[in-house]
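Thanks for sharing this one with me. Here are my notes, point by point, to read with the structure open beside you.

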Amino acid sequence: MSRALPSPPRLPDLRLRAAATAFALVALAAMLALFVKVADLLAERHAGLLDRTVLGEAAEHRSTAATWLMETVSTIAEVPLMAAAVLLALWLARTGRSWRPLLLTGGATALAIALATLVKNVAGRARPPLATAVVHESGFSFPSRHTTVATALLLAMAYLLARRLRSRTAAVAAWAAALGLSVLVAASRVYLGVHWATDVTAGFALGAAATLSLITIDLGRGLSIRNQDTTGVSQPAASSDSEAAR
């Protein structure tokens, strides 16, 4: 009785995973470069004019409806967003029978908080004047930890969802929504007068870098496992052919 030949390696899937890993690396490098650029502007004292101009425009164009919206966005970006991320990770972990969603979400959150706190303490930048603030915040200003953590969580959620979605359009929409909401959170912190524009820009870059580093590791690990599986499949096939020829 002839044995069924093993299925051929899934080359398109391997190529897609390799391309995704390369893209994640490029995006990670871009976010790190953006953070370094903003930090350099701050160190060279070239950020003041830009920051004051943006904050002045935001304060000048405030309205009751916009203030309510920005306060709501800023509030949701804390505990509610964390709760939503944990629930999504729990659901994906249960349905996929894997700890990876929880590890990625928890790792992104912890890394974002640690990086933002470390840079805050090193930079020691003061927040905008209290006269321009709509809400009260304490502590150092650079970078915006609010923006850092929200960006890290939103991108982690987008990555986990995109892996489950079969439609490429839906996956792109998930990434676009995550980026759009991250920018909205960043804008809310400037609008409310508790952060400078460079604070939230650096926070966005730092949060994105935190999650992208974990995404790159996850994709690279999956790529390594796929390559091992492909090698393991091809070797038995050759031995089966040699046995049949005897």
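Among contacts in the protein between residues at least 6 apart in sequence, what percentage join residues at least 24 apart? The figure is 83%. Please keep in mind throughout that this is a predicted model.

1. **Overall make-up.** The protein has eight helices and zero strands. Reading along the sequence, you will meet the pattern α-α-α-α-α-α-α-α. Of its 246 residues, 38% count as buried.

2. **Helix α3, its length.** Helix α3 runs over residues 64-76, which makes 13 residues. At 1.5 Å a residue these should span 18 Å, and the end C-alpha atoms are indeed 18 Å apart, so the expected and modelled values agree.

3. **Helix α3, its two sides.** Which residues of α3 are buried? They are T67, M70, V73 and S74. Because they cover an arc of only 130 degrees around the axis, they sit on the same side of α3. T64, A65 and W68, on the other side of α3, are exposed. As for partners, the buried residues of α3 pack against α6 (145-164) and α7.

4. **Helix α7.** That brings us to one of those partners. Helix α7 covers residues 168-191, 24 residues in total. From its first C-alpha to its last it reaches 34 Å, close to the 34 Å expected at 1.5 Å a residue. Its buried residues are A171, A174, A178, S182, V185, A186, S188, R189, V190 and Y191.

5. **The two ends of α7.** Have a look at the start of the helix, where a side-chain oxygen of S167 comes to within 3.3 Å of the backbone nitrogen of T169. Just after α7, G193 has a positive phi of about 80 degrees.

6. **The α4 and α5 pair.** Two packed helices are described by the angle between their axes and the distance between the axes. Here the axes of α4 (residues 79-96) and α5 come within 8 Å and cross at roughly 155 degrees. Angles over 145 degrees count as roughly antiparallel, and α4 and α5 are therefore roughly antiparallel to each other. On the α4 side the contact is made by M82, A85, A89, L90, L92 and A93. The α5 side contributes P101, L102, T105 and T109.

7. **A152 in α6.** Is A152, in helix α6, buried or exposed? With a relative accessible area of 0%, A152 is buried. Not counting residues up to four places away in sequence, A152 touches A108, A112, G207 and T211. T211 is worth picking out in your viewer: A152 and T211 are 59 residues apart in sequence, yet their C-alpha atoms are 5.3 Å apart in space.

8. **R125, an arginine to check.** R125 is found in the loop between α5 (100-123) and α6. Why does R125 count as buried? Its relative accessibility is 13%, and buried means under 20%. The side chain of R125 makes a polar contact with the side chain of T198, at 2.8 Å. Leaving aside neighbours within four places in sequence, R125 is in contact with L42, A47, D51, F140, S141, F142, W196, T198 and D199.

9. **Backbone details to look at.** Most residues other than glycine have a negative phi, and most peptide bonds are trans. With that in mind, three places deserve a look. The peptide bond from F142 to P143 is cis, with omega near -5 degrees; P143 is found in the loop between α5 and α6. R45 has a positive phi, near 60 degrees, and lies in the loop between α1 (11-43) and α2 (48-60). R97 also has a positive phi, near 50 degrees, and lies in the loop between α4 and α5.

10. **Exposure of R45 and R97.** Are these two arginines buried or exposed? R45 is exposed, with a relative accessible area of 75%. R97 counts as exposed too, at 80% relative accessibility. By contrast, R125 counts as buried at 13%.

Methods
Residues are numbered from 1 along each chain as its sequence is written. This is a predicted model: local features need pLDDT of at least 70, side-chain atom pairs count only at pLDDT 80 or more; totals for chains, interfaces and linings use all residues. Side-chain values use heavy atoms; hydrogens and water are left out. Helices (H or I, at least four residues) and strands (E, at least two) are DSSP runs, numbered from the N terminus. The expected span of a helix is 1.5 Å times one less than its number of residues. Buried means under 20% relative accessible area, exposed over 50%, partly exposed in between (1.4 Å probe, protein chains only). A polar contact is a pair of N or O atoms within 3.5 Å; within protein, one must be able to donate a hydrogen and the other to accept it, and residues adjacent in sequence count only if both atoms are side-chain atoms. The arc is that of the directions from the helix axis to the C-beta atoms. Contact means heavy atoms within 4.5 Å. Axes are lines fitted to C-alpha atoms, for helices over the stretch in contact, and angles run from 0 to 180 degrees between N-to-C directions. Angles under 35 degrees count as roughly parallel, over 145 as roughly antiparallel, 65 to 115 as roughly perpendicular and the rest as oblique.
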